[in-house]
Amino acid sequence: TPLLNRSLHLLRDQAYINGKWIGGEKNETFPIYNPVNQSVIKNVPDMDVKDTRLAINAASEAFKSFSKTTAKERSDLLRNWYNLMVEHTEELAEILTKENGKSIAESKAEIKYGNSFVEWFSEEARRIEGTILQTPISNRKLLLYKEPIGVAALITPWNFPHAMITRKAAAALAAGCTCVIKPSEETPLTALALADLAEKAGFPHGTVNVITTSLKNSPNVGRELCENPNVKVLSFTGSTAVGKILYKQSASTIKRLCLELGGNASFIVFDSANLDIAVQGAMLSKFRNCGQTCVSANRFFVHSSKFDQFIEMFLSKIQSDIKMGDGSKKEVTHGPLIKESQLNMTRALITDAVEKGAKVHCGGTPLPELGPLFYAPTLITDVTKEMQIYNKEIFGPIAVIHKFETENEVIENSNNTPVGLAGYFYSQDISQIFRVAKQLEVGMVGINEGIISTAEAAFGGVKESGLGREGSRHGVEDFLEIKYVCLGNL
Ligand code: ADP
């Protein structure tokens, strides 16, 4: 396609530390593959602990002056960054599709979403306010200041290479923190493109740093980010397993943590639901990014009165709306999975379920004719507790559909998991809507909507899905300390 042959000015192959584009101290690199055909897009520096310290030191040094900038100055910088991102949407989308595989339409949607956090926090920067308190002793004045906490380490995943960075970095920068960003080893090119635009936006040297690491070095780099006393907050989006490692390691420095971890979203269709709307929501919530998102619908529960009809409508929508292939082609809606381990996991879950009696209504196989990492959108029923897929975060294009009878039963099943990120349900019964929304043990509830995330609202989970909230006016809180100042004997 002509798109991919165009030269991409934002496609960088060096890391960005202290305002310089550099390689790693050991001069090693690792390849970034296009998941569509395994071609190498670029080789980037494979950085290690020494490079990480360099970045942390640069961010610490920059913090001294950046923390003293006015909110208006930081707001302007973020606004410049936002404008540049908007201006370069096409190019960012091409880079994102190349390294992640999602379709150009999905990449553009992510960029719009990711940019919205930079816009939002450029506005919020000017509304970070302290408080003057009532005093119990008349000759005192009690003040609460909000101060930036210090250097922020941001570790991000491959499923939203743009938005997971902007959602964290824009909040950190708005608060007056400087950051060291460690993107996923699968998708560092989008992160480097964002650093390029941050440089053009005028962020001072050392305020935004991006270090690139292979999977081999990620644990060591991760440990340094947790244990280095100059890093004051760590914000991570990724798997619950890695989140737990970071939590443990961060004990060494009592580091502030913001963790956005895995989910196991239920998607409940009650008997009063409008099925057209429910199926539309199901398509987006399940198959966006081929199911590789932490808020993807993971367990469908459909009331017995609507079960057959829902499956029939869902099936026909999958067949009519999904066109898999090379995401850079205009007509393609869904690309490949990101890497072999994702494909193997998807395949293993289906094999196990089928062996134990699950019924496959569509898909259920890889699509090697399209490329080595394609897996067909799959719908299965008759899934039981004995199957691995029953209570696992699938992270692939598999819709598991269960039948239920009563509201109590479905709420209990829905909550029967150690995680609680998003939950969705469809109902036209207003009392039921309030009842169920209250009882779901999750951080975010979508009612008659399958895609709910937006810069204005608080994103985050309960239970083992994490700590803290991103976006909204609460998103800056992780990057701020409260200082209490008492003026006495006035
Ligand atoms: P996924 O399973 O979706 O790839 P991960 O949690 O493994 O999610 O990855 C999310 C981010 O965490 C990536 O940037 C990855 O490099 C990083 N990561 C993986 N292992 C570690 C680790 N031990 N310490 C710190 N970061 C890690």
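Biologist: What makes the pair formed by Ser218 and the ligand a polar contact?

Modeller: A polar side-chain atom of Ser218 lies 3.2 Å from an oxygen atom of the ligand. A polar contact is a pair of N or O atoms within 3.5 Å (within protein, one must be able to donate a hydrogen and the other to accept it, and residues adjacent in sequence count only if both atoms are side-chain atoms), so this pair qualifies. The model is predicted: local features need pLDDT of at least 70, side-chain atom pairs count only at pLDDT 80 or more, and totals for chains, interfaces and linings use all residues. Residues are numbered from 1 along each chain as its sequence is written, and side-chain values use heavy atoms, with hydrogens and water left out.

Biologist: How do you know that Thr156 and Ser239 also make polar contacts with the ligand?

Modeller: A polar backbone atom of Thr156 is 2.7 Å from an oxygen atom of the ligand. For Ser239, an N or O atom in the side chain is 2.7 Å from a ligand oxygen. Both pairs therefore meet the criterion for a polar contact. Taken alone, the ligand exposes 550 Å² (accessible area by the Shrake-Rupley method with a 1.4 Å probe; for residues, only the protein chains shown count as cover), and the protein buries 86% of that.

Biologist: Which elements give two or more residues to the shell around the ligand?

Modeller: They are α8 (218-227), β10 (231-237) and α9 (240-250). Helices (H or I, at least four residues) and strands (E, at least two) are DSSP runs, numbered from the N terminus. The largest share, three residues, comes from α8.

Biologist: Why are β6 and β22 called paired strands?

Modeller: Two strands pair if DSSP finds at least two bridges between them. Eight bridges join β6 (residues 141-148) to β22, so the two are paired, and they run antiparallel. One bridge partner is Val485 in β22, which stands across from Leu143.

Biologist: What makes β5 and β22 edge strands of the open sheet β5-β6-β22?

Modeller: In this antiparallel sheet of three strands, β5 (131-133) and β22 (480-487) each have a single partner strand, so one side of each is left without a neighbour in the sheet.

Biologist: How do you know that β18 and β19 pair?

Modeller: Strand β18 (residues 422-426) and β19 share four bridges in the parallel sense, so the requirement for pairing is met. Phe425 stands opposite Ile447 in β19. Both strands belong to an open sheet of seven with mixed pairing, in the order β14-β15-β16-β13-β12-β18-β19. Its edges are β14 (359-362) and β19 (444-447), each with a single partner strand.
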